[in-house]
Amino acid sequence: MRIKRVLVSGGAGFIGSHLCARLLKEGYYVICLDNFFTGSRENIKKLIGNKNFELIEHDIIYPFWKDVDEIYNLACPASPIHYQYDSIKTMMTAILGTFHMLNIAKNTGAKMLQASTSEVYGDPLSHPQKEEDWGNVNPIGCRSCYDEGKRCGETLCMDFNRQYNVDVKIIRIFNTYGPNMCENDGRVVSNFIVQALKGKDLTIYGDGSQTRSFQYVDDLIEGMLRMMATERGFTGPVNIGNPGEFSMLELAEMVIRKTKSSSKIIYKPLPQDDPKQRKPDITLAKAKLEWEPKIDLEEGLDYVIDYFRKELQN
Ligand SMILES: NC(=O)c1ccc[n+]([C@@H]2O[C@H](COP(=O)([O-])OP(=O)(O)OC[C@H]3O[C@@H](n4cnc5c(N)ncnc54)[C@H](O)[C@@H]3O)[C@@H](O)[C@H]2O)c1
């Protein structure tokens, strides 16, 4: 039987590396496409050498062609530090990159899963966020390159679906954490853990009352595979996240407790357009994908603390 060929754009990044590993385990031939802007060979070093794994260095703002059965479009910097570093490039990646991936899907008949984000809800007007919420997003702020880029990516997916019948599947990923996150890209879970392990102060932006929900990466990957397996015509969007809600202060205290750190908590001003609350309504994912997260924050943090402990020792 012919092995299914899957293209993973952004496959050397945090989420992409876990996805590539899982797809190989499931018996797929995996083509990992990455320009290594935020991803690294280190993340995928265990996969290199596998006969079913192919690594291609390519920037998806330029056209690309490969005959594949499925595409997971993940390529895009995801942390504010990285996506604001070259905001125009971020927007081009989110829009032109998605356009190029959709063209492959159009020409090969491949299904395409689009890694969208809870950022499309902006500073949400309702809580928890449901897929039918249209979002409250600033179109001209310094986060807009990412938020609006991702919104436009969703639009392109739906237009390729309506115009060319491309089988697209949109998921809106909520805050995800796990091994292979960058140590210093400003994302709160890795930030706090690394600060605590180094005995440095934990920085909270604002008064720490803003909430987020945190999903362990393995749960997300399971949700992605289930979404890809849905029938033709089911486009989503579907929220994939863990509805457990924690304030930044609670998270900081949990990390200090778990790492047994002597670090203190310090406060800095809130960045522009930082949403006050974020929590997914996962009713649709439960019903349609029979999916819900299995790993709670207490358990997931243990895995990531372990990971960063080893990384820092190295
Ligand atoms: N991590 C989260 O909490 C989260 C939440 C919502 C959505 N997402 C989405 O999931 C996807 C993966 O996020 P992540 O957390 O793994 O981020 P990441 O930065 O670790 O991974 C992104 C990958 O894309 C690559 N990339 C960036 N621009 C590219 C380009 N122009 N051409 C080719 N490759 C390029 C990077 O080198 C990197 O390997 C992103 O699309 C992001 O928007 C992530």
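**Close-up views of strand S2 and the ligand site**

**View 1. Strand S1 (residues 5-9) and S2 run parallel and are joined by 5 bridges.** The model shown is predicted. Within this pair, Val-6 is placed opposite Val-30 of S2. Between S1 and S2 the chain passes through helix H1 (residues 14-25), and the resulting β-α-β crossover is right-handed.

**View 2. S2 also pairs with strand S3 (residues 53-57).** The pairing is parallel and spans 5 bridges. Here Val-30 faces Phe-53 of S3, while Val-30 also stands opposite Val-6.

**View 3. Strand S2 (residues 29-34) is largely enclosed by the rest of the structure, because 6 of its 6 residues are buried.** Tyr-29, Ile-31 and Leu-33 point one way from the strand. Val-30, Cys-32 and Asp-34 point the other way, and the residues of both sets are buried.

**View 4. The ligand is surrounded by 29 residues.** The closest are Asp-34, Thr-38, Leu-74, Tyr-146 and Lys-150. By class, the shell holds 14 nonpolar, 11 polar and 4 charged residues.

**View 5. Polar contacts to the ligand involve Ile-15, Asn-35 and Arg-187.** An oxygen atom of the ligand lies 2.8 Å from a backbone N or O atom of Ile-15. A side-chain N or O atom of Asn-35 is 3.2 Å from a ligand nitrogen atom. For Arg-187, a polar side-chain atom lies 2.8 Å from a nitrogen atom of the ligand. On its own the ligand has 820 Å² of accessible area, and the protein covers 97% of this. H1, strand S5 (111-117) and helix H4 (144-164) each give two or more residues to the shell, with S5 giving the largest share, 3 residues.

Note on methods: Residues numbered from 1 in each chain as written. Predicted model: local features only at pLDDT ≥ 70, side-chain atom pairs only at ≥ 80, totals over all residues. Heavy atoms only, no water. Buried < 20%, exposed > 50% of the residue type's maximum accessible area, 1.4 Å probe, protein only. Helix = DSSP H or I, 4+ residues; strand = E, 2+ residues; numbered from the N terminus. Pairing = 2+ DSSP bridges. Right-handed = clockwise from strand over helix to strand, strands pointing away. Near = heavy atom within 4 Å. Polar contact = N/O pair within 3.5 Å; in protein donor to acceptor, adjacent residues only side chain to side chain. Areas by Shrake-Rupley, 256 points an atom, 1.4 Å probe, with all protein chains shown as cover. Nonpolar A, V, L, I, M, F, W, Y, C, P; charged D, E, K, R; others polar.
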